[in-house]
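Ready for a few exercises on a protein you haven't met before? Take a look at the model first, then try each task before you read its solution.

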Amino acid sequence: MEFSVYYIDDTKLDHYYTQVSRLSDKKTYPLPDNQPLQELLQGLINFTRAPHKVSDACLELKTPDYHRYLDMEYTLKEHTQDFGVSITKKDSLVIKTKLSLLVAALKDKMDQCSYGGDTRTLRTILKHIPGIIDEDSDFAPELLKQNGLAFLRSLPERDNYSNFDRKKVTTIVLNVLFKIVSYVDGLMSVFRDRNTVSWLYSQVKGCSDGRNPEGRNITIAILYIFVDSDLDTDAGPSIGPHDLAVLSIKCAQEVHQRDKTPPFSVFLDLLSDKIQSDPETVLAVIRLINKMLETLKEADEMDLFDDLVLALLDQGLSKIIEKHKQGKTAKNKIVLEYNTFSKILCQEYEDTGDLDSILKSCIHRRPSYQPGSYHSGSEGNLSLLDRDRRKRSSLTHNSLTPKLADK
């Protein structure tokens, strides 16, 4: 069978982050279908004059609809008969560097750029990775296989950056992670790497001072994917559909406990006047909160549900909502999301009153709760909580520490 054969000169890596074309011309080559592809590879390299070493190269089948790396130990006939691969004369064979070697080389190149101070090239490579993932569906799984999540997390933490470069690298890394979690394999990899979930939430905190709004908004979008994800049961019998969502919320708690800050206070900061958040950010944050509540209810994680409600209301969310509603129409998107928030709480606590009334109902479900446990320093709802505690003087507060209490 005759094939169109060409090569991609990816041996120097610059094909992946420059505008230079590294594609050779296509040539027709007669290829027997009964020999292992590994035995044919040297002949193909010689015929096309590809710069690859046989030990570093592989063959990719390129069709109008998809691409597929071929197993070099098998013949073309075995690919069609045993693996169900459809191969026609219209398809092409591409000589490329093995993906495992390519990913390792790209990581090494980024390491060299990072430690050598060449942040321009580093940022250029990172910017091209989402496009590589779109073009090659096998790239992201290979990157994850090579401990890619930990590697990406480490890049913004390097010491030899200016503040400008650190912000830029952080934003681009977040954009790469957004692309990765857009795929099921990426989501599952993050699910198995608790450190990445915590790191992402810490980026919301780190970017919440208004100095990196782009990175902050990308991170909020990633967290929304987490809480909105419905993991397929095919991922494993021990994995529930909402496990990633619950894990992300627990990691958020842990980040605040580690930093000795009130739980979920970063949400309050973004919604309040402490930070000049744009309307899109405010809308994204309240949507994220609503989705967290809905998912926790579906997952029957009511302790976490109460924790989130108590933390938000104790730190003064009701006052923030009132301020946002002033002078805005009922059709305003932010107002609609706040109304959804109130509706979720009314349905759960069977309380049709205002948020202060709902807070009391929530407290009655958590007798171990100590007023002000989630307090951020402003007046918030402390007086209301203290009054409610006195009314419930018959309740004996046990010595259990609330999950979110900041000690």
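Helices here are DSSP runs of at least four residues (H or I), numbered from the N terminus. Keep in mind that this is a predicted model.

**Exercise 1. Find the helix that holds glutamine 203, and work out whether this residue is buried or exposed.**

Solution. Start with the address: glutamine 203 is in helix H9, which covers residues 194–207. Next, check the accessibility. A residue is buried under 20% relative accessible area. Glutamine 203 comes in at 11% relative accessibility, so it counts as buried. Finally, look at the company it keeps: setting aside neighbours within four places in sequence, glutamine 203 touches Glu157, Thr170, Leu174 and Thr219.

**Exercise 2. Get an overview: how many helices and strands does the protein chain have?**

Solution. Count the elements and you get 18 helices and 5 strands in the protein chain. Then turn to burial: of the chain's 407 residues, 52% count as buried. Last, take the contacts between residues at least 6 apart in sequence; 69% of these join residues at least 24 apart.

**Exercise 3. Lay out the sheet: in what order do its strands come?**

Solution. Step one is the order. The open sheet has 5 strands, arranged S2-S1-S5-S3-S4, and its pairing is mixed. Step two is the edges: strand S2 (27–30) and strand S4 (67–69) each pair on one side only. Step three is the twist, which averages 35 degrees from one strand to the next.

Now zoom in on strand S3 (residues 57–62).

- With strand S5 (residues 92–97), S3 runs antiparallel, and 6 bridges join the two. Glutamate 60 has valine 94 in S5 as its bridge partner.
- With S4, S3 also pairs in the antiparallel sense, over 3 bridges. Here leucine 61 stands opposite arginine 68 in S4. A hairpin of 4 residues makes the connection from S3 to S4.
- As for cover, 5 of the 6 residues of S3 are buried.

**Exercise 4. Hunt for aromatic pairs: how many are there, and why is the pair of phenylalanine 264 and phenylalanine 267 called what it is?**

Solution. Begin with the total. Ring centres have to lie within 6.5 Å for a pair, and by this rule there are 4 aromatic pairs. Take phenylalanine 264 and phenylalanine 267: their ring centres are 6.2 Å apart and the planes meet at 15 degrees, so this pair is stacked. Both phenylalanine 264 and phenylalanine 267 are buried. Next, try phenylalanine 305 and tyrosine 349, with 6.0 Å centre to centre and 55 degrees between the planes; that pair is tilted. Phenylalanine 305 lies in helix H14 (residues 302–314) and tyrosine 349 in helix H16 (residues 333–349), so the pair ties together parts 44 residues apart in sequence. Phenylalanine 305 is buried at 0% relative accessibility, and tyrosine 349 is buried too, at 9%. To finish, join up the pairs: Tyr201, Phe264 and Phe267 form a cluster linked by ring pairs.

**Exercise 5. Look for charges over rings: which ring does lysine 27 sit over, and which one does lysine 107 sit over?**

Solution. First, lysine 27: its charged end sits over the ring of phenylalanine 47, 5.7 Å from the centre. Then lysine 107: its charged end is over the ring of phenylalanine 151, with 5.4 Å to the centre.

**Exercise 6. Set phenylalanine 264 beside aspartate 300: where does each lie, and is each buried or exposed?**

Solution. Start from the general picture: most residues other than glycine have a negative phi. Phenylalanine 264 isn't a glycine, yet its phi is positive, about 60 degrees. Aspartate 300 also has a positive phi, near 60 degrees. Now place them. Phenylalanine 264 is in the loop between helix H11 (243–259) and helix H12 (265–271), whereas aspartate 300 is in the loop between helix H13 (279–298) and H14. Then check burial: phenylalanine 264 has 1% relative accessibility and counts as buried, while aspartate 300, at 60%, counts as exposed.

**Exercise 7. Explore the cores: which residues of the largest nonpolar core touch the most other members?**

Solution. The largest nonpolar core has 93 residues, and Leu126, Phe226, Phe264, Phe341 and Leu345 touch the most other members. Pick phenylalanine 226 and leave out residues up to four places away in sequence: its contacts include Val181, Leu187, Leu244 and Ser248. There is also a second, separate core of 21 residues, with Tyr7, Tyr29, Leu59 and Leu70 among them.

Notes:
Residues numbered from 1 in each chain as written. Predicted model: local features only at pLDDT ≥ 70, side-chain atom pairs only at ≥ 80, totals over all residues. Heavy atoms only, no water. Phe/Tyr/Trp six-rings, centres within 6.5 Å; stacked < 30°, edge-to-face > 60°. Buried < 20%, exposed > 50% of the residue type's maximum accessible area, 1.4 Å probe, protein only. Lys NZ or Arg CZ within 6 Å of the ring centre and 35° of its normal. Pairing = 2+ DSSP bridges. Axes fitted to C-alpha atoms, helices over the stretch in contact; angles between N-to-C directions. Core = buried A, V, L, I, M, F, W, Y, C linked by side-chain atoms within 4.5 Å. Contact = heavy atoms within 4.5 Å.
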